[in-house]
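Please open the model in your viewer and keep the selection panel at hand. The tour below proceeds from one selection to the next.

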Amino acid sequence: MGLLTRLLDLRGSSAERSTSLDPFLSTANPSRNPACGEFEVDGWVTSAFVARTLVPVVGVHPFPLQELMLMTATVCRFQPSLIFEWGTNIGKSARIFHEIAQYFHIRTTIHSCDLPDDVDHVEHPHAQRGAMVRGLAGVKLHQGDGLTTSLGLWERAGRPPSPLFFLDGDHSHASVRREIDGILAAVPDPVLLLHDTFLQSPQSGYNVGPRQAVEESLAACPGRFKAVHSGLSLPGMTLLYAAAPAAA
């Protein structure tokens, strides 16, 4: 049997390929080794969820597969009772968080904030704001400054531990640095996901302001957080989470 024939046999029929995810489809939380020092989830379970459940609903733009994986892993690992995000747009990221929470049975409320209707911005969705999450239980839409609105909601909720903040609003260096610093000053143990943080050399012409803001904030509080970067491609996503306390 030639090499090409063997490779064609390995492909299997379309029916066989359609069931190839089945062994990994599980609604059990895929977080692994929580007592260990590094962030870890079951990559086969999260991959199957992303491929079978998320991609048919939200596609791969603006969040490619590796970013969908990181969003899934973050929610499953930390199981935040509150998720705050700003930059609602049509509600795609809020829908992603909703689908993750529903599938893995994580009790959370998602607060999504976008600019007021009278503010002019190139990414303002206007009438389409939150279209993908309107009417979904556990998703609440707000308008105003994302940082101020979210911190106020967190305070009124009784300051629960480890809230998740997803930063995907204005992507300027100054704006992202303000948002990170504001969260770190108010919340003792936040979990942060930041979008558009892919780092490339200057000749690319990419906006690396968000990633620079992340690195500056990490340098300003050494040892407080660990970072996970999705890497590989634009737009890029970074997870910041509290480092384990030093052993006594």
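Contact here means heavy atoms within 4.5 Å. The model is a predicted one.

**First selection: helix α6**

Select residues 146–156, which form helix α6. Eight of its 11 residues are buried, so α6 is largely enclosed by the rest of the structure. To see which residues these are, highlight Gly146, Leu147, Thr149, Ser150, Leu151, Gly152, Leu153 and Trp154. Next, display what covers them: the cover includes the strands β1 (82–86), β2 (109–114), β3 (139–143) and β4 (164–167), together with helix α7.

Move to the N-terminal end of α6, which is capped by Asp145. A side-chain oxygen of Asp145 lies 3.4 Å from the backbone nitrogen of Leu147. Beyond the helix, select Gly158, which follows α6 and has a positive phi, near 95°.

**Second selection: Arg178 and helix α7**

Select Arg178, a residue of helix α7 (residues 173–186). Is Arg178 buried or exposed? With a relative accessibility of 40%, Arg178 counts as partly exposed. Display its contacts, leaving aside neighbours within four places in sequence: these are Asp145, Leu147 and Thr148. Asp145 is thus met again, having appeared above as the cap of α6. A distance label between the C-alpha atoms of Arg178 and Leu147 should read 8.8 Å, although the two are 31 residues apart in sequence.

Now add helix α8 (residues 209–220), which packs against α7 at an angle of about 35°, the axes being 8 Å apart. The crossing of these two helices is right-handed. On the α7 side, select His173, Val176, Arg177, Ile180 and Asp181; in α8 they meet Gly209, Pro210, Gln212, Ala213, Val214, Glu216, Ser217 and Ala220. Coloured by class, this contact shows six nonpolar, four polar and three charged residues.

**Third selection: Thr72 and helix α4**

Select Thr72, which belongs to helix α4 (residues 65–78). Thr72 has 0% relative accessibility and therefore counts as buried. Where does the side chain of Thr72 reach? It extends to the backbone oxygen of Leu68, at 2.8 Å. Apart from neighbours within four places in sequence, Thr72 is in contact with Thr46, Phe49, Val50, Leu54, Ile100 and Phe104.

Ile100 leads to the next selection, as it is among the residues of α5 that meet α4. Show helix α5 (residues 92–103): its axis comes within 10 Å of that of α4, and the two cross at roughly 50°. That angle makes α4 oblique to α5. The crossing is right-handed. From α4, select Leu68, Met71, Thr72, Val75 and Cys76; their partners in α5 are Ser93, Ile96, Phe97 and Ile100. The residues of this contact comprise seven nonpolar, two polar and no charged.

One general point helps in viewing such a face: an α-helix has 3.6 residues a turn, so residues three or four places apart point the same way.

**Final selection: Phe78**

Remain in α4 and select Phe78. Phe78 is partly exposed, with a relative accessible area of 24%. Which residues does Phe78 contact, leaving aside its neighbours within four places in sequence? They are Phe39, Val191, Leu239 and Tyr241. As a last step, label the C-alpha separation of Phe78 and Tyr241: the two residues are 163 apart along the chain, and the distance is 9.2 Å.

Notes: Residues are numbered from 1 along each chain as its sequence is written. This is a predicted model: local features need pLDDT of at least 70, side-chain atom pairs count only at pLDDT 80 or more; totals for chains, interfaces and linings use all residues. Side-chain values use heavy atoms; hydrogens and water are left out. Helices (H or I, at least four residues) and strands (E, at least two) are DSSP runs, numbered from the N terminus. Buried means under 20% relative accessible area, exposed over 50%, partly exposed in between (1.4 Å probe, protein chains only). A polar contact is a pair of N or O atoms within 3.5 Å; within protein, one must be able to donate a hydrogen and the other to accept it, and residues adjacent in sequence count only if both atoms are side-chain atoms. Axes are lines fitted to C-alpha atoms, for helices over the stretch in contact, and angles run from 0 to 180 degrees between N-to-C directions. Angles under 35 degrees count as roughly parallel, over 145 as roughly antiparallel, 65 to 115 as roughly perpendicular and the rest as oblique. A crossing is left-handed if the near helix is turned anticlockwise from the far one by less than a right angle, and right-handed if clockwise. Ala, Val, Leu, Ile, Met, Phe, Trp, Tyr, Cys and Pro count as nonpolar, Asp, Glu, Lys and Arg as charged, and the others, Gly among them, as polar.
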